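Please walk me through this protein structure. Keep the steps short, and start with the aromatic rings.

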Amino acid sequence: MSTKIYLDKERFTEQHKVLLENDNFTVTLFKYPSDVAAVKLQNSHGYLIVLPFEGLMIWDAIFDGTNLKMKTPFTQPKKGVQISDSYGAFQFHSGLLANGNPGPEDSHYPHGEFPVCDMDASQLVISDEMITIKSQKEYIKGFGDHYFAEPTVTLFKNQTWFDINMTVTNMSEVDDMPLQYLVHLNYKFCQDAILTQNIPNNFFNLRLSVPDHIKPTRQWSEFTKKLVTNKQLVNDLSDPKHFNPEIVYFGDKLNTAVENAEFSMKMDAGHQVKVLFNTKEFPNVTRWILNNPDNQVAAFALPATCRTEGRLAAQKAGTLIWLKPQETRKFHVRTGLMS
């Protein structure tokens, strides 16, 4: 048996208010000074801070005293129209009509229209074993695309891992709809961390294109040339200077290697995080590593439907999904601290 609680924006104030407390969970509502509403979902091991009306992104993730999130200059979420306006979340939904860095002929925002979109509604669903927050968004343009999206985050009793889900339906009764989707998980950079995966190294390719925001240095160019020459996948973070600017790998056609992908990062002797997903839902993955004084991130596995090079690049590569009228796609990722 479960209980549903509807979240109204009027409930949120800068004063933290406990909405629910029992033996397994505590739910607290508050609002940042930036006027962004937040829900803190807490169990016996830690908590998530989720933004119910800003794309249902996870702003913070702290378990067993360990902050899992990237270092960022953003001290709080901000209202905006694209992800660069509020780039400090542990996780956000990249897409849905377009995704990744736009190419020269693309017109979409970096990572698409969804990451900080204003959600229409949000609810909590509570049971003895788990608590789920879910939000809904109807996107509609006159004579354009029309979809209904419902992302969810589920925290479990006495666990340090959690589930992220997305359901997308093309609401048009006539037109196909483009779909690109990536779960952007921004884990923190830990020096000497070790990365492992159940995917052979030859499925990964270093990104050779240089987006506008990248300013190559001589040392970075030499390092990346060495990676290409040796066909080397970076699986350790022992030398932080190699990741300024960023290093990005694309893993393609994972569904031809395994049914269920498992990516791990051993952060230190006592902590390991994982990203688990089905490769039929997510045949691609992106690895993004960056370390500079402002931003430090080891996004070791970003499950995706295609590469993150914009919509036209995906269309040319044949990896852009076209949802038929009234068609629904569902996506699921499990992540967090795991042994």
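How many aromatic pairs does a search of the whole structure find? The answer is 18. Keep in mind that this is a predicted model.

A pair of aromatic rings is described by two things, the distance of the centres and the angle of the planes. Take F12 and F53. Their ring centres are 6.1 Å apart and their planes stand at 85 degrees, so this pair is edge-to-face. Now look at where the two residues sit. F12 is in the loop between strand 1 (3-7) and strand 2 (17-21), while F53 is in the loop between strand 5 (46-51) and strand 6 (57-63). The pair therefore ties together parts that are 41 residues apart in sequence. F12 and F53 are both buried. A second edge-to-face pair is made by F277 and F282, with 5.9 Å from centre to centre and 90 degrees between the planes. Both of these residues, F277 and F282, are buried as well.

Rings can also meet charges. The charged end of K9 sits over the ring of F53, at 5.2 Å from its centre. K40 lies over the face of Y47, and here the distance to the ring centre is 4.2 Å.

Next, follow the chain through strand 5 and strand 6. These two strands pair in the antiparallel sense, over six bridges. One pair of bridge partners is L48 and A61, with A61 in strand 6. Together the two strands form a hairpin with five residues between them. In its turn, G55 has a positive phi of about 65 degrees. Strand 6 then meets strand 7 (residues 66-67), again running antiparallel, through two bridges. Here I62 stands opposite N67 of strand 7. This hairpin has two residues between the strands, and D64 takes a positive phi near 50 degrees. Is strand 6 enclosed or open? Seven of its seven residues are buried, so strand 6 is largely enclosed by the rest of the structure.

Now turn to the largest nonpolar core. It has 106 residues, and F263 and M265 touch the most other members. Strand 20 (residues 296-304) gives the largest share of this core, seven residues. What surrounds F263? Leaving aside neighbours within four places in sequence, its contacts include I199, F204, V273, V275, F277, V285, F300 and A301. Polar and charged names appear too, among them T196, Q197, K274 and R287. F263 also belongs to one aromatic cluster, together with Y181, F204, F277, F282 and F331.

Finally, consider the salt bridges. The structure holds 12 of them. In one, the side chains of E246 and R207 meet, with 2.8 Å from N to O. This pair links distant parts of the chain, 39 residues apart. E246 lies in the loop between helix 1 (218-229) and strand 16 (247-251), and R207 lies in the loop between strand 15 (204-206) and helix 1. E246 and R207 are both buried.

Another salt bridge joins R218 and E222, at 3.1 Å from N to O. These residues are four apart in helix 1, so about one helical turn separates them. R218 counts as exposed because its relative accessibility is 55%. E222, at 46%, counts as partly exposed. A further salt bridge links E327 and R329, whose closest N and O atoms are 3.5 Å apart. E327 is partly exposed, with a relative accessible area of 23%. R329 is partly exposed too, at 30% relative accessibility.

Note on methods: Residues numbered from 1 in each chain as written. Predicted model: local features only at pLDDT ≥ 70, side-chain atom pairs only at ≥ 80, totals over all residues. Heavy atoms only, no water. Core = buried A, V, L, I, M, F, W, Y, C linked by side-chain atoms within 4.5 Å. Buried < 20%, exposed > 50% of the residue type's maximum accessible area, 1.4 Å probe, protein only. Contact = heavy atoms within 4.5 Å. Phe/Tyr/Trp six-rings, centres within 6.5 Å; stacked < 30°, edge-to-face > 60°. Lys NZ or Arg CZ within 6 Å of the ring centre and 35° of its normal. Pairing = 2+ DSSP bridges. Salt bridge = Lys/Arg side-chain N within 4 Å of Asp/Glu carboxyl O.
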